[in-house]
Amino acid sequence: MKIAVCVKQVPDSETRINLAAPTAELDSSGFTRILNPYDAYAVEEAVKIKEAGSDVEITAITIGPDTVKETLKKDCLAVGCDKALVITDPALDHADAAAIATVLSAALKKEPYDLVLCGFKAIDDDNGQVPILIAEKLGMAHVSTITSLELGEGTLTAHREIEGGKEIVQASMPAVLTCQKGLNEPRLPSLPNIMKAGMKPMETVTCADLGVEVPANLVQIKQYSPPPARGECKLIDAEDPAAAARELARLLNEEAKVI
Amino acid sequence: MPNLAVFIEQRDGALKKVAWQMISEARRIADAAGGEVWGVFLGPDAGEATTEAAKYGADKVFAATGDSFAGYNSQTWATALANFCRAHNPDALLVGSTALGKDMGPLVAAKLECACISDAVGLKFDGGLEVRRPVFAGKCFTDVTPTTPVSVVGIRPNAFVMEEKAGAGAAESFDAGIDGVDQKATVQSVESAGGGQIELTEAEVIVSGGRGIKGPENYELIEKLADAMGAAAGASRAVVDAGWVDYSHQVGQTGKTVGPNLYVACGISGAIQHLAGMSSSKCIVAINKDANAPIFKVADYGVVADLFDIVPVLTDEVGKIRG
């Protein structure tokens, strides 16, 4: 069985974005970058499948500059992926979800993958679109935001998070699955495995190598702006906590009118 | 003159409120810029959806009915909505950012090869559609424009104010064109988590607990206050990672991004990734022992005190007020 895991390098969730005024482009040069946390669940699930069965090969695929290789090595190859494919092309610098999906689909067509695992969204642009667009382009089934997975013969059963519960979904393979927290506990890479990961194959290609042209963006970004400023905090005297609690209830009811 | 189509979601016949929020906003845009507001419904019976949509200002409600739309199927439902767009050419199809909407919206866009915009919180029409949405879980916002004649736009629940304004609500049907659709994935069953819990992303009020609750046994305090307020119960990542509370309660950049009318943070210091997920809430209350906790920087009301001294009394008081 062949599994592809599509991953993305994103700014750490501790990153502060200090915009003073609207700007056409976000300067992300100083950001610390990590593997998208939801992609870690996708990687872990692929590795668990490999450990449970025989003859499973996992390819980690990403789009990005040279700096993504460190993430691929440490968070994908060192925890059990077999090889990596990096698509590096300046034409992708400002690509939108549809363009990214087109290029990843071209890469995924190179081998007959049975499963494509992805995080359910990236924590930078928060789109959650690319895996579903890929599934449609490749004619595969998709199940999104899964929290459990069981593989059968040519089919799979996944639990999918919905409001106040879950759906139990059965899908045919090949399929694209997007992973949510709760699916598994991603392992950490060991130092020896990080060293060994350097020996695993990592191929770098351009869009031309994949025989795909980057399509024009369907969504254009006009500007980035800071979140609306918040007012002063009204501090309630808490010398007598019970009185403070009563005063808080009164303010929420009479002043803020939210209860 | 934009014609805006709004998807009216039903689950087991229950209609999602986000539809009326979207119709209200579409009505405001249409009143200013011209154009029509359309409801689009998939389900066994369109009666209630049509009446309700009219209340909030829908000019027409298009429905495809039948057993195929009793329960959600991604390929069947997305095909039907794509066919609706092909037949009626709305400028945008607005879809609530619910579990169903986030699954189906991109698939509709893929079928139409059109622009797809996720999780929007603002819409403007000035010759063309302009959409505002948070990125980095709300650490900043982007204004984006679709370049295709039709676009699919996901709308976050509670982003828009629901406002009754009578519309014609003319009932029309449309041809879903779903014969022979390869379903590929099917929902076998739906399991409820039980307890009639309110979903975080749809809640108008949220009460969240952080490390200040000291242990899993004390999360009950948070749940009781949430109950008294008619609120959903949330949690910080620290509490979820410690295994005290299920991850489905997590608010933040790696959990749910929320924007309720009221957010009550109890014993939450306000890590940057938590603030990102909740700072668009309309009113924020912080209860924390540490006066220097970052949560007070985004709060409207603050109490510097131990949550164990405040929350039980607050629960009683709120109970009295709400009767």
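This passage describes a predicted model of two chains, A and B. It begins with a sheet that spans both chains, turns to the contact between them, and ends with single residues of unusual backbone geometry.

An open sheet of 10 strands is found in the model. Its pairing is mixed. The strand order is 11(A)-5(A)-4(A)-1(A)-6(A)-10(A)-7(A)-8(A)-9(A)-13(B). The edges are taken by strand 11 (202-205) of chain A and strand 13 (185-192) of chain B. Each of these two has a single partner strand, so one side of each lacks a neighbour in the sheet. On average, neighbouring strands of this sheet are turned by 35° against each other, with direction ignored.

Strand 6 (residues 115-119) of chain A has partners on either hand in the strand order, namely strand 1 and strand 10 of chain A. Strand 1 (residues 2-7) of chain A pairs with strand 6 in the parallel sense, over four bridges. Two residue pairs can be picked out here. A:Ile3 has A:Leu115 as its bridge partner. A:Ala4 stands opposite A:Val116. Strand 10 (residues 175-179) of chain A also runs parallel to strand 6, and five bridges join the two. In this pairing, A:Cys118 stands opposite A:Thr178.

How many residues of strand 6 of chain A are buried? Five of its five residues are, and the strand is mostly covered. The cover extends to both faces. A:Leu115, A:Leu117 and A:Gly119 are buried on one side, while A:Val116 and A:Cys118 are buried on the other.

The sheet crosses from one chain to the other between strand 9 of chain A and strand 13 of chain B. These two strands run antiparallel and are joined by seven bridges. A:Val169 has B:Val187 as its bridge partner in strand 13 of chain B.

The contact between the chains also involves other elements. In total, 68 residues of chain A are in contact with 73 residues of chain B. Several elements of chain A each supply at least two residues to the side that touches chain B. Among them are helix 4 (130-138), strand 7 (141-151), strand 8 (155-162) and strand 9 (165-172). Strand 12 (219-225), strand 13 (234-236) and helix 7 (241-255) of chain A are also included. Which element of chain A gives the most? Helix 7 does, with 10 residues. By class, the side of chain A that touches chain B has 34 nonpolar, 18 polar and 16 charged residues.

Chain B is divided into domain 1 (4-173) and domain 2 (200-322). The C-alpha centres of the two domains lie 31 Å apart. Nine residues of domain 1 are in contact with 11 residues of domain 2. The side of domain 1 that touches domain 2 has five nonpolar, two polar and two charged residues.

Helix 1 (residues 18-33) of chain B has 16 residues. From its first C-alpha to its last it reaches 22 Å, close to the 22 Å expected at 1.5 Å a residue. Buried residues of this helix include B:Val18, B:Ala19, B:Trp20 and B:Gln21. B:Arg27 and B:Ala30 are also among the buried residues. Helix 1 of chain B is followed by B:Gly34, whose phi is positive, near 85°.

Most residues other than glycine have a negative phi, and most peptide bonds are trans. Some sites in the model depart from these habits. The peptide bond from A:Met173 to A:Pro174 is cis, with omega near 5°. A:Pro174 lies in the loop between strand 9 and strand 10 of chain A.

A:Thr145 has a positive phi, near 45°, and is not a glycine. This residue is found in strand 7 of chain A. Is A:Thr145 buried or exposed? A:Thr145 is buried, because 26 other C-beta atoms lie within 10 Å, and the cut-off is 20 or more.

B:Phe136 also has a positive phi, near 50°, in a residue other than glycine. B:Phe136 sits in the loop between strand 9 (129-135) and strand 10 (140-146) of chain B. B:Phe136 counts as buried because it has 28 C-beta neighbours inside 10 Å.

Methods:
Residues are numbered from 1 along each chain as its sequence is written. Chains are lettered from A and ligands numbered from 1 in the order in which they are written. This is a predicted model: local features need pLDDT of at least 70, side-chain atom pairs count only at pLDDT 80 or more; totals for chains, interfaces and linings use all residues. Two strands pair if DSSP finds at least two bridges between them. Axes are lines fitted to C-alpha atoms, for helices over the stretch in contact, and angles run from 0 to 180 degrees between N-to-C directions. The expected span of a helix is 1.5 Å times one less than its number of residues. A residue is buried if 20 or more other C-beta atoms lie within 10 Å of its own, exposed if 12 or fewer, and partly exposed in between; C-beta atoms are placed from the backbone. Domain bounds come from an automatic or database domain assignment. Two residues are in contact if their C-beta atoms, placed from the backbone, lie within 7 Å. Ala, Val, Leu, Ile, Met, Phe, Trp, Tyr, Cys and Pro count as nonpolar, Asp, Glu, Lys and Arg as charged, and the others, Gly among them, as polar.
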